[in-house]
Amino acid sequence: MGLAGPIYGIIAMIRAAYVLAREGVISALPSEGMPPGPLLAHRLAGLIARRSSRRRARSESLSQALHRLGPSYVKLGQFLATRPDIVGSSIALELGFLQDNVPPFPKAQAIATIEASLGRTIDDLFVEFGDAVGAASIAQVHAARVRLADGTEQKVAVKVIRPGVRQKFRRELDSFAFIASSMERFVPSSRRLRPVAVVETLAQSTRIEMDLRMEAAASSEMAANIADDPGFRVPTVDWERTGRDVLTMEWIDGIKMSDVAGVAAAGHDLKGLGVRLVQSFLRHSMRDGFFHADMHQGNLFVAADGAIVAVDLGIVGRLSADSRRFLAEILYGFIQRDYQRVAEVHFEAGYVPRHQDVLSFAQALRAIGEPIHGQPAETISMGHLLTLLFEVTELFDMRTRPELVLLQKTMVVVEGVARTYDPKFNMWVAAEPVVTDYIRAELGPAAKLEEAGDILQSLVRMARRLPDYADGLEVLGKHLPDLVENGIRLNDSSVRELSKESRIGIVSGRVAHWIIALSLGVIALKLVFGGG
């Protein structure tokens, strides 16, 4: 960073501290148990705070402070909303409602960016290119029209990167990195939160979000996954008019799900929409292992045909096959009140260390699960359940799994949207058919037969490669006496000979593993029986 980096970082740190104090964020933090130095700073922050900030909720003060600090701080807040393992569940929930609030940049700049990115003139690309209809910290959206191959015209939405945003974010991220490294160096208690790693992850996430081809690819992938799912879709991407700095997609004529009254006035089934939204999210998570991780009401529309349309796939989450099975069996176990099975799944997945006691863990899970049964539907929250689950698993040395934390955050948001459409929404009733279908498809008899078929295919492939393995054994047999007598000695000539006598490069790697394993075994036997 040179000298300018630390100087800019120190200025940024002082400015951030002042704004957070001025907006009452610091004084709203609990002061109990603070050492004398931080306690004095806390009291000084209370003197600096605006009078109006003392009447605001902490979430409102935090939102106001981040907006005053600038778009990159808003983006940092939105990122931390996905990491309740770092900032805590309550602050993560508050940050989850942060929305960009920036003015649009001039239309002429958007046109220049599009032409530079796609290498074509605006008139060649669009029949009509309108003003911005929405602006955020990284990009803004314009309404436009394109001419199709059959001569008809179609309305599209064109997302354009904000000019200079990459340089601005790079400078701000440098200051974040300086602040984070200073925290780790001078505030030992902050090290468990790993601020440097958090900033590095934010930087990578922002780089991906600023390449609109990545968002286009995510939308295309989800469209393929949900092609046969009724009542939920994503906009179609116009790849011809999409590049690093511009994304063109189908225009959605619908009502934002934030406008509950408007959706109701249009005659849509509010309760049905809530159930479909949650079931779609769970289906994407468990069946596909790929989900929209920013499903707040501003990114969801209800189309004229009643379908839910999700836009802005700049943030997505992925779950491995093991994580999907883990999630499904946990939810199914809680639904069935089979806490021992839920505990066993944690151990089988390797999420809880083997030295912990399964029955004690099952007892802790029962303490979470039992209180939710028999409660009114409106008081049961799956997001809250997962929060409690992560708190309990921490007691049993389960390490934080970022993909599950992102899933939990998104589930809280989706569940909240569903409750605005039906205050008595029952998350468990909505989830049960999706979870049951997954369990039946992935863990039932048909799945076991498919797994057996996969094993059989692997055995067939192995049988076809037996000649290659035979070559490996021949090489091993040639070198084994020397290995027993003199141990492992690899030189250029022996390596060349080994690679020459192996038929293909891929198999040679496997053969090498065989040689090493058998050689180590021979050496061990020699040491045991030969006395050294």
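Which residue in E9 is the bridge partner of Arg-233? Keep that one in mind while you get your bearings; the tour comes back to it at the second sheet.

**Whole chain**

What you have open is a predicted model. Colour it by secondary structure and you should count 23 helices and 10 strands. The chain has 532 residues, and buried ones make up 42% of them. If you like contact maps, take the contacts with a separation of 6 or more: 66% of those come from residues 24 or more positions apart.

**First stop: the antiparallel sheet**

Select 128-135, 139-147, 153-161 and 246-250, which gives you E1, E2, E3 and E5. These four strands make an open sheet in the order E1-E2-E3-E5, with antiparallel pairing. E1 and E5 are the edge strands, and each of them pairs on one side only. Look along the sheet and you can follow the twist, which averages 30° from one strand to the next.

Now walk across, one pair at a time:

- E1 with E2: five bridges, antiparallel. Pick Ala-135 and you'll find Gln-140 in E2 as its bridge partner.
- E2 with E3: nine bridges, again in the antiparallel sense. Ala-143 stands opposite Ala-157 in E3.
- E3 with E5: five bridges, running antiparallel. Here Lys-159 has Leu-247 in E5 as its bridge partner.

While you're on E2 and E3, zoom in on the link between them. The two strands form a hairpin with five residues in between, and Gly-151 in the turn has a positive phi of about 90°.

Is E5 mostly buried or left open? Four of its five residues are buried, so E5 is largely enclosed by the rest of the structure. Add residues 212-225 to the selection to show one neighbour: this is helix H11, which packs on the sheet and touches E3 and E5. The direction of H11 makes about 25° with that of E5.

**Second stop: the second largest pocket**

Next, bring up the second largest pocket, with a volume of about 1,100 Å³. To find its middle, select Val-141, Gly-298, Asn-299, Val-311 and Asp-312: of the 43 lining residues, these are the closest to the centre. Several elements you've already met turn up in the wall. Those giving two or more residues to the lining are H4, E1, E2, E3, H11, E5 and H18. Colour the lining by class and you get 21 nonpolar, 12 polar and 10 charged residues.

H4 (71-80) is one of those contributors, and it's worth a selection of its own. Nine of the 10 residues of H4 are buried, so this helix is largely enclosed by the rest of the structure. The buried set runs through Ser-72, Tyr-73, Val-74, Lys-75, Leu-76, Gly-77, Gln-78, Phe-79 and Leu-80. Notice that a lysine, Lys-75, is in there.

**Third stop: the mixed sheet**

Move on to another open sheet of four strands, this one in the order E4-E9-E8-E6 with mixed pairing. Its edge strands are E4 (232-233) and E6 (254-256), each pairing on one side only. Select E4 together with E9 (residues 308-310): the two pair in the parallel sense over two bridges. That brings us back to the opening question, and the bridge partner of Arg-233 in E9 is Val-309.

**Fourth stop: two positive phi values**

Stay around E9 and step into the loop between E9 and E10 (316-318), where Asp-312 sits. You met Asp-312 among the residues closest to the pocket centre. Its phi is near 60°, a positive value in a residue other than glycine. At 26% relative accessibility, Asp-312 counts as partly exposed.

For a second case, jump to Arg-337, in the loop between H14 (321-336) and H15 (339-348). The phi of Arg-337 is near 60° too, positive without being a glycine. Arg-337 also counts as partly exposed, at 41% relative accessibility.

**Last stop: Ala-108**

Finish by selecting Ala-108 in helix H7 (residues 107-118). Buried or exposed? Ala-108 is exposed, because its relative accessible area is 57% and the cut-off is over 50%. Draw a distance from the C-alpha of Ala-108 to that of Asp-131 and you should read 9.7 Å, for a pair 23 residues apart in sequence.

Notes:
Residues numbered from 1 in each chain as written. Predicted model: local features only at pLDDT ≥ 70, side-chain atom pairs only at ≥ 80, totals over all residues. Heavy atoms only, no water. Pairing = 2+ DSSP bridges. Axes fitted to C-alpha atoms, helices over the stretch in contact; angles between N-to-C directions. Contact = heavy atoms within 4.5 Å. 1 Å grid on protein atoms, 1.4 Å probe; cavity = no way out; pocket = protein on both sides within 12 Å on 5 of 7 lines; lining within 4 Å. Points joined across faces, edges and corners; volume = space filled by probe spheres on them. Nonpolar A, V, L, I, M, F, W, Y, C, P; charged D, E, K, R; others polar. Buried < 20%, exposed > 50% of the residue type's maximum accessible area, 1.4 Å probe, protein only.
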